[in-house]
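Student: I am new to this structure and would like a close look at one part, the place where two chains meet. Could you walk me through it?

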Amino acid sequence: MILNNKISIFYFINLIKLDIIVIILYALISGMLIHLTPFKGVDISLSVSAMIGTLVSLLLAFKTSQSYERWWEARIIWGGIVNDSRSLLRILKQYIPESPESAEDLEQFARRHIIWCYSLGETLRRTEFSVKVSEYLKKHDLTSDNIPNFLLNKHSEDLSRFQNKYSLNPNIMVHIDSVVARLNDSMGRCERIKNTVFPKSYSLLIRSIIYVFLTIFPFGLAHMAPAAEISITILIPILFISIERTAMILQDPFENRPTDTPVSKISQTIERNLEELLALPQAEQEDAMRGYYIL
Amino acid sequence: MILNNKISIFYFINLIKLDIIVIILYALISGMLIHLTPFKGVDISLSVSAMIGTLVSLLLAFKTSQSYERWWEARIIWGGIVNDSRSLLRILKQYIPESPESAEDLEQFARRHIIWCYSLGETLRRTEFSVKVSEYLKKHDLTSDNIPNFLLNKHSEDLSRFQNKYSLNPNIMVHIDSVVARLNDSMGRCERIKNTVFPKSYSLLIRSIIYVFLTIFPFGLAHMAPAAEISITILIPILFISIERTAMILQDPFENRPTDTPVSKISQTIERNLEELLALPQAEQEDAMRGYYIL
Amino acid sequence: MILNNKISIFYFINLIKLDIIVIILYALISGMLIHLTPFKGVDISLSVSAMIGTLVSLLLAFKTSQSYERWWEARIIWGGIVNDSRSLLRILKQYIPESPESAEDLEQFARRHIIWCYSLGETLRRTEFSVKVSEYLKKHDLTSDNIPNFLLNKHSEDLSRFQNKYSLNPNIMVHIDSVVARLNDSMGRCERIKNTVFPKSYSLLIRSIIYVFLTIFPFGLAHMAPAAEISITILIPILFISIERTAMILQDPFENRPTDTPVSKISQTIERNLEELLALPQAEQEDAMRGYYIL
Amino acid sequence: MILNNKISIFYFINLIKLDIIVIILYALISGMLIHLTPFKGVDISLSVSAMIGTLVSLLLAFKTSQSYERWWEARIIWGGIVNDSRSLLRILKQYIPESPESAEDLEQFARRHIIWCYSLGETLRRTEFSVKVSEYLKKHDLTSDNIPNFLLNKHSEDLSRFQNKYSLNPNIMVHIDSVVARLNDSMGRCERIKNTVFPKSYSLLIRSIIYVFLTIFPFGLAHMAPAAEISITILIPILFISIERTAMILQDPFENRPTDTPVSKISQTIERNLEELLALPQAEQEDAMRGYYIL
Amino acid sequence: MILNNKISIFYFINLIKLDIIVIILYALISGMLIHLTPFKGVDISLSVSAMIGTLVSLLLAFKTSQSYERWWEARIIWGGIVNDSRSLLRILKQYIPESPESAEDLEQFARRHIIWCYSLGETLRRTEFSVKVSEYLKKHDLTSDNIPNFLLNKHSEDLSRFQNKYSLNPNIMVHIDSVVARLNDSMGRCERIKNTVFPKSYSLLIRSIIYVFLTIFPFGLAHMAPAAEISITILIPILFISIERTAMILQDPFENRPTDTPVSKISQTIERNLEELLALPQAEQEDAMRGYYIL
């Protein structure tokens, strides 16, 4: 399972098309001013542009790095969800005495847990619930503003029931609860990443500096041939904008986009692992691809 | 809930208006000296300014990054408060046997916890307590220098009472206490961020270097047309100052400013989650907006 | 045991040979255009290339740093596996009363654990299982999609059995389980690193910028002697590409390559440590080298 | 409590006065050589200085960042001490049954803990113990090389006594011990920061490169007017030195200096919090200012 | 105890003497080519060297930073060993009932623990065991490939014995075991740092780029006076190499070198602390200095 997301070049160009248009227009207009009018005399040394260029490059490099951290953090959280899901069911199976009834209880618990994974991913992406999830919710007659949180509450009720039914030792209960608490934390951390936009003022500032750069850049290229001057005036700012956008895409990893954390794929893995652990029949996996991207 | 804070451009310009005035005045005066007096001869190579420019850019990029870390840390702490608040009540509900009396106890506990969240946010912002909080405090006759810490002490007294009343196992008690300890840590971490200013000497140094840059910069632009020279002399230092200020705003995330951690919104979320968990009637939420910014 | 991997220069050159060919071809063609045709007039100031050069250098430096973090994280995980493997068996030995039967149980457990280490490494590298592992699996008749996860499930079953057989205290059980959970986490973290490619859009962007640099670079060197111009045009982009590739190799540490995490060596260390702890006869260590690299 | 340390400019200038003198002397001598002797012919391109300048700027930016991390780590540790001190007494109060005798025991414990905080801060700063601490030590007849560590040993003896006296459950004891262990860790982490100087070779290297820069810098400014040349030769190296020193001050946060971690203020906060928790009479707080800085 | 390692300048120069010789030779040869032969015409713009210079500076700054992290991590680990050693004995003393026999048991345990510290440091440095350690091993007739790990196994056997002898509660046992597990982790983390060389390909790349820089650098200085040209050609690459080597030294903190983690000093501190805690007679401390450096 190599999650090698094929990002369409067109998708990306579409994303920055407005910037491209503005940059090309400005390059053409400034080019005409410089080469055809007395504006030619206005010479702003390339060193000044280079200074702003260095500043922008640094800010972009740091921003890309911060965006990458967010993206990687999202991936780590979902990695943790895989680990804790496996641990949770493994511990339950280890301490609950085997019997047809307990097998039934464990299966119910595992099925709900699998739905928790899918529904968390779908909630984060703000897509409609998949057939699998919505059927489960309908069948068990569950409604809430925050379905994943609600399902964890149900887990908690079950655990309370298991404690009495299977006389689980309080030590074991605390151990189990702490795994549930970690899953709860992972859910909260996903919500945090989803709900916290990168500070607006910071993003705005970087974009502004790129446009300041664009404004003065052509006046340092007046000595060049017009065609070359205009091409270069277009090229460099587009590089800056591309980096800025790439960073922006990375920093929001639950947006149903090609660089997303592959929440559906990961949920399927969890489903398969839990089914193997409990020796359940493999539920036919609904094809996780909906809409445009295979994640 | 996309927390997309609309920062007013005017708010920001207002913040740096003094710097803008100084920079413009200096640019005009130095411009006159350079273009109208024998100072013209004083040529300080643009390469020297570029050197300082690189230095300033690097320091600003790192400072912005450090400020971002602080801002993100504040957000992580409040994310942790959400998670631990949910866990705390979920565990209590799981282990305290159901009865009308315990339901009453849990509600009291949850209400106090919700007030803890609001009061922590308001204490950090140094605003007056909202109606919701101050009514609660008046009703229960609570006063302290440090209300959030005091409320945690009350939590602790309740837990001690619950242990006896509902014969909670020591293991479970330790488990509950450790969640309270994490909430206590989150509170302390917020206080740390609030009370620790970014090292003054460091901030001062960066500002000094920006002004050194401003001082020598125009003497490298003597060959340019006066209008362009003066514009550029104004532009670049203002870029530097803007970045410095943006970083400064980011690094203090509890100042009742647009880039703040949205403590009221988060408290409301916690309120809703706890009410759903305990099946309480939804308290009408006081509109969290007070003063200027919707956070 | 100094894990000083001797990377063959030829291996590396082979990796970037396509880029080298493209760069040389372009350098020759652009060289001819510049020195033999009217293209000579097209002068793109070296400052413009320098600007892109600074941008690329920054992005590469950050990317190398991020790749190094991934590589180091992989090493940390396997260091953790060593520590937890030692702890796991040490605790088991400490709490299980000595007897010929328990010695037998511990040996079985340790043998399975050693196989877990080897099989995890081999699974991550997508190589076929070594003789040692496949013989073990055949002998115990074990099959699964995910052998390491399956072996941990078996550990869990054994622990459940040990609890009854040796009347282990629930506290001790939880302590043991938490070590198993950490091993489970390490396994999951390896899978995460293995399965998550560095964001494609980011990698693609850096490569694109390097090629943009290549495109305009020679036009800033038109004043140089042709031989020198062409050499330099080849040299700098190859430096950039080399850094980019070095980063790429670092960031995937389970690919059966010279910079890999030395999973076989580490597994052997664990094997030796556990055998000493339980005073087992030293199993003859299958030579860990298979294929090309000694890791 | 805004800890806005007013650093005296004079303090700082005093710190770098030797460097300033050396730099000014060299600038004057090299200025005379360049402008009055045949050395004028020695021209070392400003680009070479710029290269070293970039190198120095980068190293300084990273070093400042690392120093900031140390400073912030020290602040985090003391933040943790606040949190754990509150937790420790809160838990003790929660589990020890109320009685006049236990109130007495708790007060003794709290008083010792407060002394622990003050003495830790004073030990780290290598100042003499304050009246408060030395009176406590005299009264209880305590002597040790390492007073804070010794007080923690006393805590441990008390806890052992409390366990028997108030029949505390082992679970609760472990919970309490783990808070003490965290305080022990915080103490050790402070010692580590205090006792580990920043690697000497690294610091020396940066200073050497600054002086190499100083040496060749004026020979790139030969074309400038003497007064301007000498001023610039002085200015830039002083900027570098200032940054280096600011970093040096930051990286040692327990030196009784203006940028120190405010250990006395934090100890006072802990004192107030514990007194409120246990409803003790507020001890008159010795004025924390001794010597020169209010920290 | 200020660990201010006085690194001998000569030690360092000795380390890079080969590079210095190569650089000087190349500078002389290229200088002759440039100033005495038609090679004078080969002009490679200083901007090209500057580009490589920026690239090298960035990579070196990041590498130095990564090396510093490793060095700091090693120091943190040993700081943790101090903390956990104190905690371990403090807890044992707290829970084991006082008696002459238990005092004897604790002393034996502490003595072995002190030897563990020394032997770990000496194993990491690959030096022969000191008299203190080897006498202990001989006296107790202990042999193993991995002495520190073996001593921890002995700790574990003792703890098992203590549990029965002093009827320690399982909760307390788990608490003690977890401290031992942390010491085990610290040991493993030291081994990881010791055994994992910085990725070879990465180091090699940086050195190669420095030599590429050296190769083309003099051809951009052709306009300078020969003596100045040659000096500068020597100076800058030596700066780069010095930084690279300083980083290399930092990144391996257990090599019996001046920048090492001061493992002997730290072991002595632990020895003194444990002796105070248990009121043992102070063992005369073998002078920790052996060989050349006082660490």
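Tutor: Happy to; what follows is a tour of the interface of chain A and chain B, and then that of chain E and chain C.

A word on the ground rules. This is a predicted model, in which local features need pLDDT of at least 70 and side-chain atom pairs count only at pLDDT 80 or more, while totals for chains, interfaces and linings use all residues. Residues are numbered from 1 along each chain as its sequence is written, chains are lettered from A and ligands numbered from 1 in the order in which they are written, and side-chain values use heavy atoms, with hydrogens and water left out.

Let us begin with who touches whom. On the chain A side, 57 residues are in contact with 53 residues of chain B (contact means heavy atoms within 4.5 Å). Between them, chain A and chain B bury about 4800 Å², with 65% coming from carbon and sulfur atoms; buried area is the accessible area (1.4 Å probe) that two parts lose on being put together, summed over both. In chain A, the residues that lose the most area to chain B are A:M51, A:R192 and A:N195, together 13% of what that side buries.

Now for the links across the interface. Chain A and chain B share 2 salt bridges, a salt bridge being a side-chain nitrogen of Lys or Arg within 4 Å of a carboxyl oxygen of Asp or Glu. B:R86 forms a salt bridge with A:E191, and their closest N and O atoms are 3.0 Å apart.

Which parts of chain A do the touching? The elements giving two or more residues to the side facing chain B are α3 (46–95), α6 (147–165), α7 (170–195) and α8 (200–216) of chain A; helices here are DSSP runs (H or I, at least four residues), numbered from the N terminus. The most comes from α7(A), with 17 residues. By class, the chain A side that touches chain B has 27 nonpolar, 17 polar and 13 charged residues (Ala, Val, Leu, Ile, Met, Phe, Trp, Tyr, Cys and Pro count as nonpolar, Asp, Glu, Lys and Arg as charged, and the others, Gly among them, as polar).

Next, turn to chain E and chain C. Here 57 residues of chain E are in contact with 53 residues of chain C, and the two chains bury about 4800 Å², 65% of it on carbon and sulfur atoms. There are 2 salt bridges between chain E and chain C. E:E191 forms a salt bridge with C:R86, with the closest N and O atoms 3.1 Å apart.
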